[in-house]
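Reader: Please show me the structure, and I will ask about one residue and one strand.

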Amino acid sequence: MPIKTINHQTEFQPINPTDQVTVFQTPRYTEIIDSKNFQKNNLNFIPTKKIDKDHFIDTRTGEIKEYNKTSTKNISSFKESFKDVPRYIKGFFYGDDTERFVTLTYSEFMSEPERLSKDFQKFLNKLKRRYGKLRYFYIKEPDTRGSWHIHSLIKRLDGQSFNITDDSVRKLWKRGIAVNVQKINNVNTMSYYFDITRYENKIQRISFYPTGMKIYSCSADMNITKLRTKYSNIKKYIGDKELTYRRTDNVIMNHNDGINNLIGRNSYEQYTKR
């Protein structure tokens, strides 16, 4: 099976002012993506057509070939589902003293992921009674054995310091004594910590996620606006945000016969309010 890979470039490819770009907009964070598809203009591109789940046809020759069965598709699907995670975290958390990174575990082997959301909401309701209105983002994650736990970011919205302790969390959680509360030193780093597809030692855990499971959740006030516009119009979406990151990726199609084609290029810009 042809496998699509991403090749990170060291040099950013400037975006043409007339290009139609995708903009992801939040109060604190704006991300711009310029995607180019070269397949139609690439004379070396090898077009394929799927026959069934096991076979495809090379339309140049009519030859029927078998897909290379790997876990790549599963990992790729997970990477897609995690794409919005950095946008939520960078867009609605600042890493200040109103926020904490809270990990919640279970005393017993936790093999029922369907319980996680209900348990977290019960814990959150107790927090709200003590601290008032809160913003939250949490993700469900198994350990290497398949026992589930929760990683969460929680923010007080009254502007006061969120000085909750491990002991206080333990008493409110009541599901296990191994809890952890930390200050958030770097929101950008924290946003990637939540994405298990970025770490080789966590990739194997993907197999524990049930099909169709909602991997993460957040409070209702965390809305990401997605729109299409010309790159020349982006200043009105950036506002007073500063450029904090940019990169360009080449999209490569790797074929079983050793031929590799450049089929696309994606350029990214990220702007963040200090």
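Author: Contact here means heavy atoms within 4.5 Å. This is a predicted model, in which local features need pLDDT of at least 70, side-chain atom pairs count only at pLDDT 80 or more, and totals for chains, interfaces and linings use all residues. Residues are numbered from 1 along each chain as its sequence is written, and side-chain values use heavy atoms, with hydrogens and water left out.

Reader: Which side chain of opposite charge is nearest to K90?

Author: K90 is buried (under 20% relative accessible area, 1.4 Å probe, protein chains only). Lys and Arg count as positive and Asp and Glu as negative, while His and the chain ends are not counted. K90 has no salt bridge (a side-chain nitrogen of Lys or Arg within 4 Å of a carboxyl oxygen of Asp or Glu). The nearest side chain of opposite charge is 6.4 Å away and belongs to E31.

Reader: Which residue has a side chain joined to that of K90 by a polar contact?

Author: Leaving aside neighbours within four places in sequence, K90 is in contact with residues including R28, Y29 and Q270. A polar contact is a pair of N or O atoms within 3.5 Å; within protein, one must be able to donate a hydrogen and the other to accept it, and residues adjacent in sequence count only if both atoms are side-chain atoms. At 3.0 Å, the side chain of K90 has such a contact with that of Q270.

Reader: How many residues of strand β8 are buried?

Author: L134, Y136, Y138, K140 and P142 point one way from β8, and R135, F137, I139 and E141 point the other way. Residues on both sides are buried. The count for β8 (a strand is a DSSP run of E, at least two residues, numbered from the N terminus) is 9 of 9.

Terms used: Buried means under 20% relative accessible area, exposed over 50%, partly exposed in between (1.4 Å probe, protein chains only). Helices (H or I, at least four residues) and strands (E, at least two) are DSSP runs, numbered from the N terminus.
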